[in-house]
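Subject: Structure handover

Hello,

Here is the structure I promised to pass on. Please open it first, then read the notes below it.

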2 protein chains.
Amino acid sequence: MQFYQQQLKEKGLKTTYQRLKILDYLDTHRTHPSVEIIYEDIKSENPSFSKTTIYNTIETLKAHGLISTLTITGSEVRCDYKTDMHHHFYCRSCNRIFDVDLEQPLQPGSGLQGYAIDEMHSYFIGTCPACLKKK
Amino acid sequence: MQFYQQQLKEKGLKTTYQRLKILDYLDTHRTHPSVEIIYEDIKSENPSFSKTTIYNTIETLKAHGLISTLTITGSEVRCDYKTDMHHHFYCRSCNRIFDVDLEQPLQPGSGLQGYAIDEMHSYFIGTCPACLKKK
DNA sequence: TATAAATTTGTATTTATTACAATCTAATCC
DNA sequence: GGATTAGATTGTAATAAATACAAATTTATA
Ligand SMILES: [Mn+2]
Ligand SMILES: [Mn+2]
Ligand SMILES: [Zn+2]
Ligand SMILES: [Zn+2]
């Protein structure tokens, strides 16, 4: 928790219980949870937590580079404690998102001369091993 | 138009004015338009066209591999006539999506052993050259 | 401890998408 | 060609994620 507090201070953000809680949640739940999931989980032990706060906090933390978000499911934002570039696999069957390692990480390349790049993503969509077994 | 009709037949889909129109629209508007944009444009010359039909048709055409869709903006589905794997750049400033060529096309790699892959995407987010100039 | 700025909260609103039932149409068969 | 029917389109209602906003609360600073 001390570390999160320091991160917030470095970014000029006030330390609040909510921000610490969300950072901790994402750090310990590397499952790319949706806002809804985060909300349900946190709310269960902290009923006064507001969903709007989660939206606000996710936006703030992301804007300051402390977390990242994914839009690969098409229906909701998914959150990620990791901010370094890495790749994902989205299983349509169980709705889970997995981190994947690729031999060839994504590189800008000459086709992007003149573009200012903020984010790089690559991902796969399909069915994960566990779901394949069930069928 | 003859070609679209043949494509539909090959997939066992009925030929309808709406499907031909949407295929033609996407073929001639390689701008990754949203459903809303497609709707506005088509409706202007064909007021009876329904937005639901566009949603339905996009889904059907995609399911049969005749078009593809992107979810990279986070707020709406964007449509693409191209179905072969290629990469994208999303400009947050003008909301446009550009096709980009990369030296290294995305490859599954050993990190995805056991996964069944339906789609592969990679994309960049940032500011396009035109928007950079304006600032 | 008092203060100001920032944050949280609850509610209302917006927007994209889906559900659904009635109507219509394309393909098939006579 | 005309009747049949499965499939497609349409309009409306419903859902769900995300945003807007203002009041209440809290943090950091003095
Ligand atoms: Mn991740
Ligand atoms: Mn494209
Ligand atoms: Zn799965
Ligand atoms: Zn731009």
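Chain B and chain A bury about 3100 Å² between them. Carbon and sulfur atoms give 57% of that area. Please keep in mind that this is a predicted model.

On each side of this interface, 37 residues take part: 37 of chain B are in contact with 37 of chain A. In chain B, the residues that lose the most area to chain A are B:Tyr115, B:Tyr123 and B:Phe124. Together they make up 20% of what the chain B side buries.

Polar links cross this interface too. There are 13 residue pairs in polar contact between chain B and chain A, counting pairs with both residues at pLDDT 80 or more. Which elements of chain B give two or more residues to the side that touches chain A? They are β4, β5 (116-127) and α5 (129-134). Strand β5(B) gives the largest share, 12 residues. By class, the chain B side divides into 18 nonpolar, 13 polar and six charged residues.

Now the salt bridges. The whole structure has 14 of them over all chains. Four salt bridges lie across the interface of chain B and chain A. Side chains of opposite charge can pair when their charged atoms come close.

B:Arg92 is a good place to look. B:Arg92 forms a salt bridge with A:Glu119, at 2.7 Å from N to O. B:Arg92 also forms one with A:Asp118, where the closest N and O atoms are 3.8 Å apart. That second pair runs from strand β5 (residues 116-127) of chain A to the loop between β3 (87-91) and β4 of chain B.

A:Glu119 has another partner, inside chain A. Its side chain meets that of A:Lys62 in a salt bridge of 3.2 Å, N to O. The count between domain 1 and domain 2 of chain A is one salt bridge.

That brings us to the domains. Chain A is divided into domain 1 (2-79) and domain 2 (84-134). How far apart do the C-alpha centres of domain 1 and domain 2 of chain A lie? The distance is 21 Å. Nine residues of domain 1 of chain A are in contact with 12 residues of domain 2 of chain A. The area buried between these two domains is about 810 Å², and carbon and sulfur atoms give 59% of it. In domain 1 of chain A, A:His32, A:Ile72 and A:Arg78 lose the most area to domain 2, together 60% of what that side buries.

Five residue pairs are in polar contact across the interface of domain 1 and domain 2 of chain A, again with both residues at pLDDT 80 or more. The side of domain 1 that touches domain 2 in chain A has two nonpolar, four polar and three charged residues.

Last, the metal in chain B. Which residues coordinate the manganese ion (ligand 2)? They are B:His32 (NE2), B:Asp80 (OD), B:His86 (NE2), B:His88 (NE2) and B:Asp99 (OD). The coordination distances are 2.0 to 2.3 Å. Along the chain, the donors follow the spacing H-x47-D-x5-H-x1-H-x10-D. The two aspartates link distant parts of the chain. B:Asp80 sits in strand β2 (residues 78-80) of chain B, and B:Asp99 in strand β4 (residues 97-100) of chain B, 19 residues apart.

Over to you.

Best wishes

Technical notes
Residues numbered from 1 in each chain as written. Chains lettered and ligands numbered in written order. Predicted model: local features only at pLDDT ≥ 70, side-chain atom pairs only at ≥ 80, totals over all residues. Heavy atoms only, no water. Domains from an automatic or database assignment. Contact = heavy atoms within 4.5 Å. Buried area = accessible area lost by both parts, 1.4 Å probe. Polar contact = N/O pair within 3.5 Å; in protein donor to acceptor, adjacent residues only side chain to side chain. Nonpolar A, V, L, I, M, F, W, Y, C, P; charged D, E, K, R; others polar. Donors = N, O, S within 2.8 Å, 3.2 Å for Na, K, Ca; no water. Helix = DSSP H or I, 4+ residues; strand = E, 2+ residues; numbered from the N terminus.
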